[in-house]
Amino acid sequence: MVETTVENGKSGSLDFTFTYDGNKLKQISLSDASKFVYTYTGEVITKVEEFKSSELQSTDVYTYEAGKLVSKLTTRAFGSTPPQKLTFVYNANGTVNANYSEIINKQEIKYDATRLYTFANGNILSTEYIDAVREKSTNTFDDKKSPFTNITGVKLLLDLDDNFDFYSANNAVKNVTVETDGSGKVIETVTVTNTNKYNANSFITEVFSGDAKDSFKLEITY
C-alpha cells in the first residue's frame with residue numbers, strides 16, 4: 001500500500017509492505033523504518049510488536065475467550081508510561097465496549113473512558129469514544145471487498161491498528177465524526193467522502209478523498 005497525503009499543497013508518502021505466512025500476517029513494514037511484527041497462537045494474533053529502526057518501541061498482548069478478544073495490554077519499551085489496558089465487554093444488543101485502564105504498581109486502575117463499537121452487515125458502523133467529551137465516528141460502506149478479508153485472525157482485532165480497520169468486510173465511502181461536550185452540545189462535525197476504485201475481483205485498489213490543497217490517497221497492490 002502507498003499512502004500519499006497533501007497538506008496545504010505539500011505532499012508526502014508512506015509505503016506499507018505486508019508479509020505473510022500463508023494467510024497469516026507476519027509483518028507490516030513501513031518506509032519510515034518502522035515495522036509491526038505479528039505473532040499467532042493457533043489461528044489468533046496474540047502479540048504485535050512495534051519497532052523503529054530495529055529498536056522495539058511497544059508490545060501489544062491480546063487475550064481471548066471463546067473466540068472473542070477480551071483484552072489488549074500495551075507495554076512501552078522505555079519511558080515511564082505505565083502499561084495501558086483495554087478490556088472488551090460484549091453487550092446483549094450486539095455492541096462492544098472497550099474499557100480503559102492502566103497497570104500501576106501491579107494494580108489495575110480503571111477509568112471511566114470507554115470506546116463503544118456498533119456493527120452492521122459485517123462492518124464497524126460506528127466507533128464512539130466516551131469520556132468528558134464524546135467523539136462518534138460513523139461510516140457508510142460500499143459492497144466491495146476489504147483488502148484484509150482473507151487475513152487470518154485480524155478481524156478479531158476490530159480497528160485497534162492505528163492505520164487500518166481490520167474488522168470490516170467492506171470499504172468506507174463516507175465518514176462523519178461528531179464531537180460533543182458533556183452537555184451534548186455539538187463542538188465539531190467533520191465529514192470525509194471517499195472515491196474508491198476496484199479491480200476485477202471486487203477488491204479495492206484506491207481510496208481518494210480531498211482536493212488539490214489537502215487530500216489523502218491510498219493505492220493498494222495485490
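Trainee: In the hairpin of S8 and S9, which residue takes a positive phi?

Mentor: This is a predicted model, and in it Gly-94 has a positive phi near 95°. The hairpin of S8 and S9 has five residues between the strands.

Trainee: How many bridges join strand S8 to strand S9, and do they run parallel or antiparallel?

Mentor: Strand S8 (residues 84-90) and strand S9 (residues 96-104) run antiparallel and are joined by seven bridges. To read the register, take Thr-87, whose bridge partner in S9 is Asn-99.

Trainee: What joins S9 to strand S10?

Mentor: Eight bridges do, and S9 and strand S10 (residues 107-120) run antiparallel. Their hairpin has two residues between the strands, and Asn-105 takes a positive phi near 55° there. For the register here, Val-96 stands opposite Tyr-117 in S10.

Trainee: What should I keep in mind about side chains along a strand?

Mentor: In a regular strand, side chains alternate between the two faces of the sheet. As for burial, Tyr-117 has a relative accessible area of 0%, so Tyr-117 is buried. Phe-119 has 24% relative accessibility and therefore counts as partly exposed.

Trainee: How do I read an aromatic pair?

Mentor: Two quantities describe a pair of aromatic rings: the distance of the centres and the angle of the planes. The structure holds 10 aromatic pairs. One of them is Phe-18 with Phe-164, a tilted pair at 5.9 Å centre to centre with 50° between the planes. This pair links distant parts of the chain, 146 residues apart. Phe-18 is in strand S2 (residues 10-21), while Phe-164 is in the loop between strand S12 (134-141) and strand S13 (172-180). Phe-18 and Phe-164 are both buried. Tyr-117 and Phe-119 form a stacked pair, 6.3 Å centre to centre and 15° between the planes.

Trainee: Which residues form one aromatic cluster with Phe-18 and Phe-164?

Mentor: Phe-16, Phe-148 and Phe-166 join Phe-18 and Phe-164 in one cluster.

Trainee: Where do charged ends sit over rings?

Mentor: The charged end of Lys-155 sits over the ring of Tyr-167, 3.7 Å from the ring centre. For Lys-35 the ring is that of Phe-51, with the charged end 5.3 Å from its centre.

Trainee: Which residues does Asn-123 touch, not counting residues up to four places away in sequence?

Mentor: Asn-123 touches Thr-118, Phe-141, Tyr-167, Ser-168, Ala-169 and Asn-170. Asn-123 is in strand S11 (residues 123-130). Its relative accessibility is 3%, so Asn-123 counts as buried.

Trainee: Is Leu-30 buried or exposed?

Mentor: Leu-30 counts as buried because its relative accessibility is 12%, and the cut-off is under 20%. Leu-30 lies in strand S3 (residues 24-30). With residues up to four places away in sequence left out, Leu-30 touches Leu-14, Asp-15, Phe-16 and Phe-36. Phe-16 also belongs to the aromatic cluster.

Trainee: What can be said about the whole protein?

Mentor: The protein has zero helices and 17 strands. A compact globule of 222 residues would have a radius of gyration near 17 Å, so the 18 Å of the protein agrees. The C-alpha trace spans about 50 × 45 × 35 Å along its principal axes.

Trainee: How much of the protein is buried, and how much area does the protein expose?

Mentor: Buried residues make up 36% of the 222 residues. The protein exposes about 12600 Å², with 49% of that supplied by carbon and sulfur atoms.

How values were computed:
Residues numbered from 1 in each chain as written. Predicted model: local features only at pLDDT ≥ 70, side-chain atom pairs only at ≥ 80, totals over all residues. Heavy atoms only, no water. Helix = DSSP H or I, 4+ residues; strand = E, 2+ residues; numbered from the N terminus. Buried < 20%, exposed > 50% of the residue type's maximum accessible area, 1.4 Å probe, protein only. Contact = heavy atoms within 4.5 Å. Phe/Tyr/Trp six-rings, centres within 6.5 Å; stacked < 30°, edge-to-face > 60°. Lys NZ or Arg CZ within 6 Å of the ring centre and 35° of its normal. Pairing = 2+ DSSP bridges. Rg over C-alpha atoms; globule rule 2.2 N^0.38 Å. Areas by Shrake-Rupley, 256 points an atom, 1.4 Å probe, with all protein chains shown as cover.
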